[in-house]
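Here is a short tour of a protein complex for your next coffee break at the bench. Have the sequence and the 3D view open as you read.

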Amino acid sequence: MKNTMKLLVVGAALAAASAPAHAEDKAKAEVMTSWTSGSEAAALDVIKREFEKRGGVWKDSSIAGFGAADAAFQNRLVAGDPPAAKQAVLGLANADFVGQGLLRPIDDIAKAGKWAEVLPKSIHDLITYNGQVYLSPTGAHGESWVFYSKDAFAKAGVNGEPKNWDEFFASLDKLKAAGIQPVAWGGQSWQESKVFNMILLTQAGMDGFLKIYVDKDKSDASVKSVTKTLNILGKLRAYVDEGAAGRNWNDATAMVITGKAGVQFMGDWAKGEFVAAGKELGKDYGCMLAPQSPGMVYVADSFSFPKIADAASQNGQALLAEVAMDPAVQVAFSLKKGSVPIRTDVDKSKLDICARKGLELMGAGRIVPDQALILSPQQAGALNDFVDEFWSNPSENSAAAAEKFFAIFE
Amino acid sequence: MTTLAHPRGAKPSRLSVGRIGLYAFLILSALFFLLPLYTMLVTSLKSMDEIRQGHVFALPDTLDFSAWKTAWSGACMGTQCLGVRIGFWNSVKITVPAVVISVSIGAINGYALSLWRPKGSNLLFGLLMAGGLIPYQIFLYPLVRLLADLSLYNSVAGVVLVHVIFGLPLVTLLFRNYFVAIPEELCKAARVDGAGFWRIFLEIMLPMSVPMVMVASIFQFTGIWNDFLIGLVFAGRDNLPMTVQLNNIVNTTMGERTYNMNMAATILTAVVPLAIYFFSGRWFLRGVAAGAVKG
Amino acid sequence: MRAKRRRSLAATFALLPTWIAAILVYIGTMIWSVRLSFTDSTIFPSSNYVGFAQYARLFKNSRWLASLENVLIFGVLYVGGCLALGFVLAAALDRKVRFESMFRTIFLYPYAMSFVVTGLIWQWMLNPTLGIQATVRALGWQGFVFDWIVNRDMAIYTVVFAGVWQGAGLVMVIALAGMRGIGEEQWKAAQIDGIPVWRIYLSIILPQLGPALAASGMLLSMGVIKTYDLIVAQTGGGPGYSTEVPAKFIMDNLFERQNLGLASAGATVLVLSVVMAVAPFRYALAMRAGRMGAHR
């Protein structure tokens, strides 16, 4: 199997090398993403239109659900028929593909666009493998947000945004007393992990967070941070309704939208649901960082470019890489998708408060990557399993569980 | 307890306790079975605001058919907003040949395995049964490589081939059970007359097995039409069936979900198998009576 | 008496495509899978052999162990439930009721629907705050509790509901056809003896439908192992691992978690267990069929 794999790769590389990309070959690209919902598709459309404006031919290949998209993509790679571009999360998830020589570096385009200067350093590191840039980032999603219903807060007598965890829990109590569901919770492992990380950042601080996930540090300080995080996470159980298990995140958002629930811990893509329901940021709902959060957990998307023999597609890849990082495209894309532009030098005026805050934090370097970027998919999955087990097990002791946490990295 | 008449006897002319109980049971069961469909229909006719209120069983305030229209021709998957309509013909192109071929092979297999039993029949049958018990996911990688080597990847022919292979256990089981019940004298007499394997099959067995052909076709049609994984992996990008379109509409991870449209899209995708069940119920019963029944 | 000597070449030839498929695809894939289970493959197959390490990891993985337990519980209850409910529905319809055709369609239509969304519907219906519990409470029974789906110990049974909803109709049709095939004389004789109707069904009709129900059971069992869509749509494997099944474990590890080695180990264990469980059963059936054939 390995030899055939090598043959395929060599074959593709040879074909790629021997077919010099003529400038006359029209740039065309088949783009595979999971951006199938209304706002996501609108955002993708922004890139598509700019791509076509610059003379490219766009072919859409969308598969909803990351699992299904990965399945389709990997199988097409194996069959030797990859798409020209694939939506990919930054970081470790692509390492294997690069290692097998299946992705094409876009270093030349990155240097031409001076990406190293306009991207935060930590992000630039995550699109670089073995010293070369392979990914063209499209935008970042902040994941340390707590969305709240202004209506619900008013009814419960909560003024302003709680500044620390004690005040936060006090607000939750007030919501409970007013008969409003304090926390709208979606009981799926990926959602629970995101909340876990949000809280971990507030307990471990930026350096502590990175130490745990990147250095796999197991010192007392780290264990303490995890224990404290689990304590807070455990406390939240009391504020969650019994129907939370298995609930989709947008069903939880619906609870906040209708004022039935007070807050939801979610990434900034939740704004899409509010917008679709006609709610206004600042008037009907608000966004705040998780209490005491020194920064923001983020996840970022990009396009990766499988090695492909066809010259027109190669031109398409180069064009797409450029277009995705274009400042105007970045802003327009973010506006539709609810994300934050990944370039720090864009025009902030059109962004909403949450996105602006996110961009500020990015510019100041106060961001830490979500586990999908710095853990291998296996470890990220193990983290999901861990948090899910802890959450569904009210009798579990935080200290004992904290020990189990570090087993993820094995 | 009163002795009730046999179904073929005279129809009972009065409602006895037992009779009422029977109907009560049937109606309650029918409600259980219909509940999900009702919920889907009702949701598809509500507006998103209503759905957010979370009253799953409530009737819609106003009948809103816009979700249906969007689902058919306007739903977006990526930047294409063409609805599930575009997948419809792909589904047909994939399902019809796959059903025809797999049922034909199943009939031949069943016939050969039960009435002729060449060497290794039991082994082959055992292999097929064992193979039918393995989840599809395991086959994906090797099959993709195999089809790519045969240049069948990303083609309708490739998907059809995969469906035929995966359908072998089911159709072979059905037909073998069917033919096993056929009296041997029939076959013997034909052979004495000098007919060979194929002649007996085409002129005697196949015409006799029409009900079973219907049953197997209906089973296969449903399974293949509703399949998602095989279509996703093997149809490549140009021949994606309706179910992949449906998945794109329904399973977005981080985007908003328009539930009313999702429900409408699901029902639209299910319309063809549902229609087939509706109109073929009679055949189904007849076919099952004739064959699958016997062990 | 079959002419055992004259093995028709045509028959062997006709079975050739199936032989090729069986060997190349079924056996070939299993061999490939087993080989991979001894490597450290992540996304792509590697040739780095690590002995039984993946199996060790597999059996230390509580998600996998839970999935095995769940598929067993689900399998037994699902097949049993479909057979039981299907038989009872068939018996009910056999009683010459009005609108039989309509009832039959109602019981059979779920089989036409894919679980991708019907699973979600079941999730809504069984969710305590949205579905049945909320509705019954709203109707007045404040104390009504039906929150199995969010309960770790009970969630697996909710999946059985949805499964039986889909599969019972199939058994019903098969059983009903069988019942219609039972001779008039048997009925008359039983009624003369004064046996109540329900006992006739249980003691006389049911045994005769044995083979038919066994075949249905086999068909249903093939579906059990492959159960994936239902779980993903209805519970996502949760709460915790309580509704995880092997097909989902394998699928998750194959693509999302990029762990081909572990997935292959899981697949091998699954297939071995199934073969070991089913083989004696099939062998017995084959023997029986052989004996029956010899008596013709």
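Let's begin with a stretch to treat gently: over residues 1-10 of chain B the pLDDT stays under 50, and the model has 22 contacts for this stretch beyond four places in sequence. This is a predicted model, and the predictor gives the complex an ipTM of 0.79 and a pTM of 0.82. Below you will find the confidence by chain, then the two interfaces, and then a few details inside the chains.

**Confidence, chain by chain**

- Chain B has an average pLDDT of 80, with 87% of the residues scoring at least 70.
- Within chain B, the lowest confidence falls on strand β1 (residues 76-77), with a mean of 65, while helix α4 (residues 85-116) of chain B has the highest, at 90.
- For chain C the average pLDDT is 81, and 92% of the residues score at least 70.
- Helix α3 (residues 62-93) of chain C is where confidence in that chain is highest, at 91, and helix α13 (residues 260-294) of chain C is where it is lowest, at a mean of 74.
- Chain C also has a stretch with pLDDT below 50, residues 1-5, and the model gives this stretch six contacts beyond near neighbours in sequence.
- Chain A has a mean pLDDT of 87, and 94% of its residues reach 70 or more.
- Among the elements of chain A, strand β7 (residues 145-149) has the highest mean pLDDT, 93, and helix α1 (residues 2-18) of chain A the lowest, 49.
- Residues 13-21 of chain A stay under a pLDDT of 50, and the model has 11 contacts for them beyond four places in sequence.
- A friendly caution for such stretches: where pLDDT is low, the predicted coordinates should not be read in detail.

**Where chain C meets chain B**

- How many residues of each chain are in contact here? Chain C brings 102 residues and chain B brings 105.
- Together, chain C and chain B bury about 9,500 Å², and 75% of that area is on carbon and sulfur atoms.
- Between chain C and chain B the count of salt bridges is zero, while eight residue pairs are in polar contact across the interface, both residues of each pair being at pLDDT 80 or more.
- Helix α1 (residues 9-37) of chain C supplies the largest share of the side of chain C that touches chain B, with 17 residues.
- Sorted by class, that side of chain C holds 75 nonpolar, 14 polar and 13 charged residues.

**Where chain A meets chain B**

- In this contact, 45 residues come from chain A and 30 residues from chain B.
- Chain A and chain B bury about 3,400 Å² between them, with 54% of it on carbon and sulfur atoms.
- The count of salt bridges between chain A and chain B is zero, and two residue pairs are in polar contact, again with both residues at pLDDT 80 or more.
- Which elements give two or more residues to the side of chain A that touches chain B? They are α2 (38-53), β2 (57-62), α3 (66-78), α10 (189-213), α12 (249-257) and α13 (270-276) of chain A.
- By class, this side of chain A has 19 nonpolar, 14 polar and 12 charged residues.

**The disulfide in chain A**

- Over all chains the structure holds one disulfide, and it joins A:C287 to A:C354 with an S to S distance of 1.8 Å.
- The torsion about the S-S bond of A:C287 and A:C354 is about -115°, so this disulfide is left-handed.
- The two cysteines sit in distant parts of the chain, 67 residues apart: A:C287 is in strand β10 (residues 285-289) and A:C354 is in helix α16 (residues 353-363) of chain A.

**Chain C and a salt bridge within it**

- The secondary structure of chain C consists of 13 helices and zero strands.
- Along its principal axes, the C-alpha trace of chain C spans about 75 × 75 × 25 Å.
- Over all chains the count comes to 26 salt bridges.
- One of them pairs C:E244 with C:R63, whose closest N and O atoms are 3.1 Å apart.
- Why does this pair tie together parts 181 residues apart in sequence? It does so because C:E244 lies in the loop between α11 (229-234) and α12 (246-256) of chain C, whereas C:R63 lies in helix α3 of chain C.

Methods: Residues numbered from 1 in each chain as written. Chains lettered and ligands numbered in written order. Predicted model: local features only at pLDDT ≥ 70, side-chain atom pairs only at ≥ 80, totals over all residues. Heavy atoms only, no water. Contact = heavy atoms within 4.5 Å. Buried area = accessible area lost by both parts, 1.4 Å probe. Salt bridge = Lys/Arg side-chain N within 4 Å of Asp/Glu carboxyl O. Polar contact = N/O pair within 3.5 Å; in protein donor to acceptor, adjacent residues only side chain to side chain. Helix = DSSP H or I, 4+ residues; strand = E, 2+ residues; numbered from the N terminus. Nonpolar A, V, L, I, M, F, W, Y, C, P; charged D, E, K, R; others polar. pLDDT = per-residue confidence, 0-100. Disulfide = S-S within 2.5 Å.
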